[in-house]
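I set out to look up two things in this entry: a metal site and a pocket. My notes follow in the order in which I checked them.

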Amino acid sequence: MSLPEVMTAQRIHEFGGPEALRAEQVPVPQPQAGQVLIEVAYCGVCRHDLLTRGGAFPRAQMPVTLGHQVSGHVSALGEGTTGFAVGDRVMTMIYTGCGTCPQCAAGMEALCSQQTPAFLGEDHDGGYAEFVAVNASTVIALPEGVGLAEAAIATCTLGTAYHALIGRGGLTSGQTVVITGASGGVGLHAISIARAAGAQVVGVVSSEESAERVREMGAHEVVVSPERKFAKEVRNRLGVQADLVLEVIGAPTLRESLHAVRLGGTVVVLGNVEGKEVSIPPAYLILKEISLVGTKSCSVDEMQQLLGSLGRGELRADVSEIVPVAQAAEVHRRMESGANLGRVVLEVKGG
Ligand SMILES: [Zn+2]
Ligand SMILES: [Zn+2]
């Protein structure tokens, strides 16, 4: 198959509102040594994309094609690239590191020790385009039974939640877990992961409207707490404090999460939605022997395990809507207007 020379990409040349995102014709990228060129089938839209476009991350490459949740087919290989063949169904990881340091060699390029890991669709061109070139070390072949649309959102939702709950939190069957911000994209997928792990799941949300989705996704209990005071209610419902709290919100609820966890329990901090600081009396951690743990993104190994579970139907990736890529700016506009759209996926080639 001969590749076209130009393609359509949804790009930004300067930070701004949804109108900054515009379709333009650009050259199809050439895969460099060790890279894979992917013909994009779907690309997920994440709130992170809105932040990038709006200028929250000033070091973003400019101009840049947005999109860090990509699935598609391999259409060309760079020099010396092994492990893939043209036509393979694949998805991408979010971060690219040096590829050779111990963390990268272990498939955890998000924690590269040699360079600041590059974020797909921010530090280099991403998936709101017909083609994207990425390092083969950050590409994963899809098993049978995993659809391209669900694969597009798998890293940013299921992958993030799996690494947080299982990899960092050590969640095991029979334990109780509290998930704050349970109705958001990561929160809902964390419910799915925690259930599949055999845990008792309590979702915390701020309104009755969001509670329904959280119940549907399988939470055993839902605590509606507009004032973000949920520790007492969690204890009432469970009869005990939680083994693990997954903090998806960040500063506004972190202290309450420390109250909700049991002696010797773990609080895993995943979210930082308001980017604010929080003060924590060290006594909380000392007297309860709480482990306070950070979490960033999943490893290639974790993602492969998850794709296996997804293919066997043990987990769900919850795509809420599939929209043509030409409407990317419109999707941003709707999300920015406050609409909670779940995980929207842009259709590029489809499949
Ligand atoms: Zn994301
Ligand atoms: Zn590295």
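I began with the geometry at the zinc ion (ligand 2), bearing in mind that the model is predicted. The angles subtended by its four donor atoms run from 104 to 118°. I recorded the arrangement as tetrahedral, because the angles of four donors then have to lie between 85 and 135 degrees, and those around the zinc ion (ligand 2) are 104 to 118°.

Next I looked up which atoms coordinate the zinc ion (ligand 2). They are the SG atoms of Cys98, Cys101, Cys104 and Cys112, at 2.3 to 2.4 Å. Along the chain, I noted the spacing of these donors as C-x2-C-x2-C-x7-C.

I then checked accessibility for two of the coordinating residues, including Cys104. Cys104 has a relative accessibility of 5% and therefore counts as buried. Cys112, at 9%, counts as buried as well; the cut-off I applied is under 20%.

I turned to the second largest pocket and noted a space of about 220 Å³. Its lining comprises 17 residues. Nearest the centre of this pocket I found Pro29, His124, Asp125, Val132 and Ala133.

Which elements give two or more residues to this lining? I listed β1 (6–12), β2 (22–27) and β9 (131–135). The most comes from β9, which gives five residues.

Finally, I sorted the lining of the second largest pocket by class: eight residues are nonpolar, seven are polar and two are charged.

Notes. Residues are numbered from 1 along each chain as its sequence is written. Chains are lettered from A and ligands numbered from 1 in the order in which they are written. This is a predicted model: local features need pLDDT of at least 70, side-chain atom pairs count only at pLDDT 80 or more; totals for chains, interfaces and linings use all residues. Side-chain values use heavy atoms; hydrogens and water are left out. On a 1 Å grid over the protein atoms alone, a cavity is a set of points where a 1.4 Å probe fits but cannot get out, and a pocket is an open set with protein on both sides within 12 Å along at least five of seven lines; lining residues have an atom within 4 Å of a point. Grid points are joined across faces, edges and corners, and a volume is the space filled by probe spheres set on the points. Helices (H or I, at least four residues) and strands (E, at least two) are DSSP runs, numbered from the N terminus. Ala, Val, Leu, Ile, Met, Phe, Trp, Tyr, Cys and Pro count as nonpolar, Asp, Glu, Lys and Arg as charged, and the others, Gly among them, as polar. Donors are N, O and S atoms within 2.8 Å of the metal (3.2 Å for Na, K and Ca); water is not among the atoms, so sites may look incomplete. Four donors count as tetrahedral if all angles lie between 85 and 135 degrees; four count as square planar and six as octahedral if opposite donors are over 155 degrees apart and all others between 65 and 115; anything else is irregular. Buried means under 20% relative accessible area, exposed over 50%, partly exposed in between (1.4 Å probe, protein chains only).
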